[in-house]
Amino acid sequence: MRSLRFISAEALVSHPQLAQENLDHIAYNLYPLVFKASYLLEQAEVTRAVLSHWPLEEFRLAALLGPNTDHPEDLRDRACKTCLEACMQGLADHVLQRGSHRLRVADFTGIQDVQVQQCPCGRALGRWGRTKVLARICCQLQAQPCTARHPIEVFTDLFVTEGNFDMVVQALKPTGPAPLQVCCPSLRADSLSPGQLLQVLGLAGPSKLRKLEVVHNVRLHVGHVQQLLAQVGFPQLTSLTLPTKAFDAPPTCAPTPEGEDPLLNSIAWELSQMKKLTELSVAFSTLTGKIQTLLSPLKTPLRVLDLANCALNHEDMSFLADCKHTAHLEVLDLSGHNLVHLYPSSFFRLLSQAAQTLRVLTLEECNITDNHVGMMILGLSPCSQLQEFKFLGNPLSASALQRLFAALCELPRLRHIEFPVPKDCYPEGTAYPQDEMSVSKFDQQKYDMIAEDLRAVLLRASREDIQASTPLFGSFDPDIHETSNELGTFLLQAFKTALENFSRALEEME
């Protein structure tokens, strides 16, 4: 329930001109209320004015939008384009105002990017867009005479691609005194060259970086990864994501005696120096027989581990089943491995060891068949903390899914299931794993009937709290959605370059 104070704040911001004219007469401790009310009602002019007049030493966006006694609704999942742009422009206005400024810290982290925006305009400003707007404002302010007595620390989650790289570099490396000092607790990089990645990391303050995501179209090999970790220290890093094929050998790498991998050993040592590292994602890298070398030196047990499509073998699975990390795992992705058929003992021992902590389990395209459902039920039953179970792309029939759903209803904390299109809905003899073309060619009417039956299983067990769905091409990724056009252009350019190189090679052969 809203308090009378918040209702009064809403009434004030509903009259933007009146609100702006009277900001100087509002008590300092009411500014957070007026800000949240303006954000809720999408009164961008008021939001900007509130920031420009902000009388407190700190402005922390997530705390201001979160639930409180005056207004219990959580607005942190509203990445509203109109309001966020107004916030950042208001910060620039604050800097340019004459007189003393109390503001020392502006924190724009903690916004949750979701698929459907609940704000009136319905338009989102994602992480990439927020990075671009803030970088542009920093560059504009750098061109102004700096009159501020002290720089304002601006905390933000950076998302850097080729499209905003130059602007971000200028924002992070001003040529003279700058009124805004960008601080980066987390950084996501895509569509950059290895040299650009090193440059932006060096400027972003790696000693304070807590989360680093290097994804998709940053073409790294194991030599680049070793160079990155050895040259740039990450003492505070808690989460690291590396792109596809990041552990592939460099093109010029000379063969080494079997069992020796100096680059991998160096990477493992560098990771072991990150005493706070608890999240590691190395999906789609070939790590056959290398998991023990990579993970055993780590000093801190991992809570999040993504080894999807890493071509693990029996040795890797045996290590995972008994290593120090397993009893602490909260999020685990082993997609793309034939676990139940090839490594049943190791896999179910791993599940047993992780049962008391595991919250999210992803087993997509693991060739789990009807014959494996009984073992899966036994393996999952101790996982009392499990909240999400994703197993898309497995060849399971409608009857097997019903058995599995009935067992999943016994897991008290389970809230989200992603299940495959039943194989009954595909033509007989459909091969698994499926490509993108064949995965969408199924009997929709039959699927709808089976999905309704599965929902009935949940209802009979009084588990209306469980959401079950089949996102054919994966869950919504706000970062990919926001930069899809740029990524498409990047891929086309890469394809064009490859064709040109191939054509040149043919001409040389002739």
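His 25 is exposed, with a relative accessible area of 65%. In this predicted model, His 25 sits in the loop that links α2 (16-21) to α3. A long-range comparison starts from the same residue: 340 residues separate His 25 from Glu 365 in sequence, and their C-alpha atoms are 62 Å apart in space.

The chain as a whole comprises 21 helices and 13 strands. Its radius of gyration is 26 Å. For 510 residues, a compact globule would come to near 24 Å, so the chain agrees with that expectation. Along the principal axes, the C-alpha atoms occupy a box of roughly 70 × 65 × 50 Å. Of the 510 residues, 48% are buried. Contacts reach across the sequence: among those between residues at least 6 apart, 82% join residues at least 24 apart.

The accessible surface amounts to about 24300 Å². Carbon and sulfur atoms account for 52% of that surface. Charged side chains number 44 positive and 57 negative. The centres of these two sets lie 7 Å apart.

Helix α3 follows the loop of His 25 and is mostly covered. Buried residues make up 9 of its 10 positions. The buried set consists of Tyr 31, Leu 33, Val 34, Phe 35, Lys 36, Ala 37, Ser 38, Tyr 39 and Leu 40. A lysine and a serine are thus listed beside aromatic and aliphatic residues. The packing partners of these buried residues are α1 (4-13), α4, β1 (58-60), α5 (61-65) and α6 (81-96). Just past the end of α3, Glu 42 adopts a positive phi of about 55°.

Gln 43 comes next, in the loop between α3 (31-40) and α4 (44-52). Its relative accessibility is 18%, under the 20% limit, so Gln 43 counts as buried. Beyond residues up to four places away in sequence, Gln 43 touches Val 13, Ser 14, Pro 16 and Ser 38. Ser 38 is itself one of the buried residues of α3.

Thr 47 belongs to helix α4. Thr 47 is buried, and its relative accessible area is 0%. With neighbours within four places in sequence set aside, Thr 47 is in contact with Phe 35, Ser 38, Tyr 39, Cys 83, Ala 86 and Cys 87. Phe 35, Ser 38 and Tyr 39 are among the buried residues of α3. Ser 38 therefore appears in the contacts of Gln 43 as well as in those of Thr 47, within the 4.5 Å contact limit.

The cysteines were examined for disulfides. The count comes to 0. For Cys 121, the closest cysteine sulfur is that of Cys 80, at 3.7 Å. A disulfide needs sulfur atoms within 2.5 Å, so this pair is too far apart for a bond. Cys 121 is partly exposed, with 25% relative accessibility. For Cys 409, the closest cysteine sulfur belongs to Cys 383 and is 16 Å away, again too far for a bond. Cys 409 is buried, at 8% relative accessibility.

Backbone geometry is notable at several further positions. Tyr 432 and Pro 433 are joined by a cis peptide bond, with omega about -5°. Pro 433 is placed in the loop between β12 (416-418) and α18 (436-439).

Two other loop residues carry a positive phi without being glycine. His 216 has a phi of about 50°. The residue lies in the loop between β5 (211-214) and α10 (222-231). With a relative accessible area of 36%, His 216 is partly exposed. Asn 309 has a phi of about 55°. Its place is in the loop between β8 (304-306) and α13 (314-322). At 28% relative accessibility, Asn 309 also counts as partly exposed.

Key:
Residues are numbered from 1 along each chain as its sequence is written. This is a predicted model: local features need pLDDT of at least 70, side-chain atom pairs count only at pLDDT 80 or more; totals for chains, interfaces and linings use all residues. Side-chain values use heavy atoms; hydrogens and water are left out. Helices (H or I, at least four residues) and strands (E, at least two) are DSSP runs, numbered from the N terminus. The radius of gyration is taken over C-alpha atoms; the globule rule is 2.2 Å times the number of residues to the power 0.38. Buried means under 20% relative accessible area, exposed over 50%, partly exposed in between (1.4 Å probe, protein chains only). Accessible areas come from the Shrake-Rupley method with a 1.4 Å probe; for residues, only the protein chains shown count as cover. Lys and Arg count as positive and Asp and Glu as negative; His and the chain ends are not counted. The place of a charge is taken as NZ of Lys, CZ of Arg, CG of Asp or CD of Glu.
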